[in-house]
Amino acid sequence: CAAAEGVVTSRPCRPNSLFGMGNPLLDISAEVDKDFLDKFGLKPNNAILADESHKALFEELIGKFPAEYHAGGATQNSIRVAQWMIQKPEKVGTFFGCIGKDKFGDILKKKALEGKVDAHYYEQEEEPTGTCAVCITGDKRSLVANLAAANAYKKDKHLDLEENWALVEKAKVYYIAGFFLTVSLESILKVAKHAAENNKVFCLNLAAPFISQFFKDGLMQVMPYVDVLFGNETEAAEFGKAQEFETEDVEELAKKAQALPKENTKRPRVVVFTQGKENTIVAQNTFPVLKIDPKDIVDTNGAGDAFVGGFLSQLVQEKPLERSVEAGHYSANVVIRRSGCTFPEKPEFH
């Protein structure tokens with residue numbers, strides 16, 4: 001790959017060597033007030049799935065606040081950021097997910113194309129393209145996802161198709177955010193098992209506290225295949241609670257997550273827990289983040305996705321772990337200065 005040339009040697013990337021699968025969503029993003037959060041029962045730094053009580057939320061967000069639209073969905077964001085960090089060749093990142101045949105779906109296709117990501121969407125007409133309300137208060141963001149089409153992804157209709165599975169086989173690094181556990185556990189397991197059987201790298205993100213709380217069984221079916229586990233401090237704490245780790249110390253949580261049973265014993269599990277402006281914990285190590293003046297922070301939505309994207313951009317080039325973390329910190333630092341998970345034309349990461 002062309003990015004990050006210099007002292008660290010790396011293997012050149014090939015197209016389709018990084019594979020992501022998840023919920024493609026159009027983010028509808030706006031700065032709101034505490035009253036808005038309270039009205040819809042939202043917490044400042046959380047992510048939930050929309051239910052009946054949130055119907056009016058989307059209308060009010062667009063009607064009452066100056067809202068912006070951005071291509072979103074955690075995994076898709078990370079693949080876009082990784083591709084941006086890599087630059088050349090194009091289409092190193094492959095993405096699978098489900099959209100509707102509609103205006104929002106067209107926007108997502110256009111954004112993937114602009115981002116040089118090789119997106120292969122399962123397109124269907126029953127459900128509209130999914131959206132995510134991004135409710136920003138200060139440096140916190142509350143996410144309400146209306147999955148719609150994203151929830152209609154079907155293994156047999158898409159992943160199992162010969163031409164699509166061939167793209168999975170081409171990859172050497174796989175990334176799926178825990179959000180997809182609510183959609184298609186069987187798709188995740190098929191990809192995870194392929195990675196383990198072929199000694200490739202499978203990465204998973206804890207994604208949100210509700211995943212560890214309510215989708216624990218699926219999460220723990222996938223966990224033995226996880227080579228790299230990502231999460232933030234809130235998600236790590238909730239995971240620890242669900243697993244009865246009996247500690248709230250993030251370093252301890254990382255060590256305990258690392259020690260969980262693992263299928264492919266050729267690779268030790270790496271656990272990466274970010275903590276906002278505090279040090280990033282990598283099981284047995286801590287790395288300081290890049291300093292940023294709070295007034296330069298525009299929008300922390302996408303910071304975690306950007307961190308993962310930066311990390312993956314180096315992982316797929318087989319760079320050392322420290323380099324992956326540095327790239328993650330760099331990407332997150334760029335993205336939080338902008339609205340949405342967006343970035344300038346080229347990275348300045350050396």
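**Group meeting: a sheet, a helix and a cavity**

T131 stands opposite N146 in strand 8. I start with that pair to get us into the sheet; bear in mind that this is a predicted model.

The strand pair first. Strand 7 covers residues 130–137 and strand 8 covers residues 140–146. The two run antiparallel, and seven bridges join them.

Now the whole sheet. Strands 7 and 8 belong to an open sheet of five strands, ordered 3-8-7-2-4, with mixed pairing. At the edges stand strand 3, residues 47–49, and strand 4, residues 68–72. Each of these has a single partner strand, so one side of each has no neighbour in the sheet. On average, neighbouring strands here are turned by 25 degrees against each other, ignoring direction.

Next, what lies across these strands? Helix 2, residues 55–64, lies across strand 2 (25–31), strand 4, strand 7 and strand 8. Relative to strand 7, helix 2 runs at about 60 degrees.

Last, the cavity search. How many cavities of 30 Å³ or more does a search of the whole structure find? The answer is one. The largest cavity has a volume of about 60 Å³. Its lining includes N45, N46 and A47, then R141, then A207, A208 and P209, and finally N232, T234 and E235. By class, that lining has four nonpolar, four polar and two charged residues.

Two of the lining residues take us back to the sheet. A47 lines the largest cavity, and residue 47 falls in strand 3, at an edge. R141 is also in the lining, and residue 141 falls within strand 8.

That is all I have for today.

Key. Residues are numbered from 1 along each chain as its sequence is written. This is a predicted model: local features need pLDDT of at least 70, side-chain atom pairs count only at pLDDT 80 or more; totals for chains, interfaces and linings use all residues. Side-chain values use heavy atoms; hydrogens and water are left out. On a 1 Å grid over the protein atoms alone, a cavity is a set of points where a 1.4 Å probe fits but cannot get out, and a pocket is an open set with protein on both sides within 12 Å along at least five of seven lines; lining residues have an atom within 4 Å of a point. Grid points are joined across faces, edges and corners, and a volume is the space filled by probe spheres set on the points. Ala, Val, Leu, Ile, Met, Phe, Trp, Tyr, Cys and Pro count as nonpolar, Asp, Glu, Lys and Arg as charged, and the others, Gly among them, as polar. Two strands pair if DSSP finds at least two bridges between them. Helices (H or I, at least four residues) and strands (E, at least two) are DSSP runs, numbered from the N terminus. Axes are lines fitted to C-alpha atoms, for helices over the stretch in contact, and angles run from 0 to 180 degrees between N-to-C directions. Contact means heavy atoms within 4.5 Å.
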